[in-house]
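Trainee: Please take me through this one at the bench. Keep it brisk.

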Amino acid sequence: AKTDGLGAAAGFTGPRGMAMDRLRNLLYVLDSDSYGSTSYARRIDPATGRVETVAGGAFGYADGQGTAAGFNSPRGAALDPTGSVLYVAETARVRSLVLASSTAFTVAVVDTNLSDNLGGLAMAPDGKELYAARLALSGGGACQIVRVTLASSQTATVAGGFSWAGVADRILMLYGDLVPACAGKLVSSAT
């Protein structure tokens, strides 16, 4: 169960994506139950083992501060180059969490289809773009890498396409990691 605390006294519901703040030596972890109905962004100080909740707790896409912020099955995490904003990939959206104020808001909607899942997340070195792994469970299925341009919130497919090798990929996504589910299916595509 989710419990803030020190070392073994801290508890997690279902840790997923993680990102390390190298400037402050802090680890950010996305923590979500198996249904994504209670999801949090948490911070760990590896030197002391202290775990604390930064934001989240409500299900959904609620923009807000602290516990008023909602996340929907977050899986991917990336920090901006300054370590001040944590980006979160969740169901169909990329969100940002301003760490100084614990305020979350939507950066981009990758697809309005709520069965689309975003997984792994990576920040471009210049901090202007994010790359997310996308698995669509409808419309023929898709395993793609999507670019999100932060200044405009525009999204574009970088690689991958629409097709399913089988239902097993879907199950792996729901209960495992997104990237292995898409392995071997990425192909170059025009942007």
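Mentor: Start with one cut-off: a salt bridge needs a side-chain nitrogen of Lys or Arg within 4 Å of a carboxyl oxygen of Asp or Glu. Keep in mind that this is a predicted model.

Trainee: How far apart are the closest N and O atoms of Asp 63 and Arg 95?

Mentor: The limit for a salt bridge is 4 Å. Asp 63 and Arg 95 do form a salt bridge. Their closest N and O atoms are separated by 3.1 Å.

Trainee: How many residues apart in sequence are the parts that this pair, Asp 63 and Arg 95, ties together?

Mentor: Asp 63 is in the loop between strand 6 (58–59) and strand 7 (64–65). Arg 95 is in strand 11 (residues 93–98). The pair therefore ties together parts whose separation in sequence is 32 residues.

Trainee: Is Arg 95 buried or exposed?

Mentor: Buried means under 20% relative accessible area. Asp 63 has 44%, so Asp 63 is partly exposed. Arg 95 has 0%, and therefore counts as buried.

Trainee: Which residue meets Arg 95 in a salt bridge besides Asp 63?

Mentor: Look for an acidic side chain that meets Arg 95 at 3.1 Å, N to O. That residue has 0% relative accessibility, so it counts as buried. The partner is Glu 90.

Trainee: How many salt bridges does a search of the whole structure find?

Mentor: Side chains of opposite charge can pair when their charged atoms come close. The pair Asp 4 and Arg 42 is a salt bridge, at 3.1 Å from N to O. The search of the whole structure brings the count to seven.

Trainee: How many residues apart are Asp 4 and Arg 42?

Mentor: Asp 4 and Arg 42 meet in a salt bridge. Asp 4 is in the segment before strand 1 (5–6), and Arg 42 is in strand 4 (residues 39–45). The pair thus links distant parts of the chain, with a separation in residues of 38.

Trainee: What is the relative accessibility of Arg 42?

Mentor: Asp 4, at 35% relative accessible area, is partly exposed. Arg 42 counts as buried, so its value must be under 20%. The value for Arg 42 is 0%.

Trainee: How many of the seven residues of strand 4 are buried?

Mentor: Strand 4 has antiparallel links to two strands. Six bridges join it to strand 3 (residues 26–32), and six join it to strand 5 (residues 50–56). Strand 4 is largely enclosed by the rest of the structure, because its buried residues number six.

Trainee: Which residue in strand 5 is the bridge partner of Ile 44?

Mentor: Strand 4 and strand 5 form a hairpin with four residues between them. In its turn, Gly 49 has a positive phi of about 85 degrees. Across the strands, Ile 44 has as its bridge partner Val 51.

Trainee: Where does strand 1 stand in its sheet?

Mentor: Five strands make an open antiparallel sheet in the order 1-5-4-3-2. Strand 1 and strand 2 (15–21) each have a single partner strand, so one side of each is left without a neighbour in the sheet. Strand 1 pairs with strand 5 over two bridges. Strand 1 therefore stands at the edge.

Trainee: What is the order of the open sheet that holds strand 7?

Mentor: Strand 7 is joined to strand 12 (residues 103–109) by two antiparallel bridges. There, Gln 65 stands opposite Thr 103. The sheet has five strands with antiparallel pairing, in the order 7-12-11-10-9.

Trainee: Which ring does the charged end of Arg 93 sit over?

Mentor: One charge over a ring is that of Lys 2, which sits over Tyr 40 at 5.0 Å from the ring centre. The charged end of Arg 93 is 3.9 Å from the centre of its ring. That ring belongs to Tyr 61.

Trainee: What percentage of the 191 residues in the chain is buried?

Mentor: The chain has two helices and 16 strands. Its accessible surface comes to about 8,600 Å², with 57% of that belonging to carbon and sulfur atoms. Of the 191 residues, the buried share is 48%.

Key. Residues are numbered from 1 along each chain as its sequence is written. This is a predicted model: local features need pLDDT of at least 70, side-chain atom pairs count only at pLDDT 80 or more; totals for chains, interfaces and linings use all residues. Side-chain values use heavy atoms; hydrogens and water are left out. A charge sits over a ring if NZ of Lys or CZ of Arg is within 6 Å of the ring centre and within 35 degrees of the ring normal. Buried means under 20% relative accessible area, exposed over 50%, partly exposed in between (1.4 Å probe, protein chains only). Two strands pair if DSSP finds at least two bridges between them. Accessible areas come from the Shrake-Rupley method with a 1.4 Å probe; for residues, only the protein chains shown count as cover.
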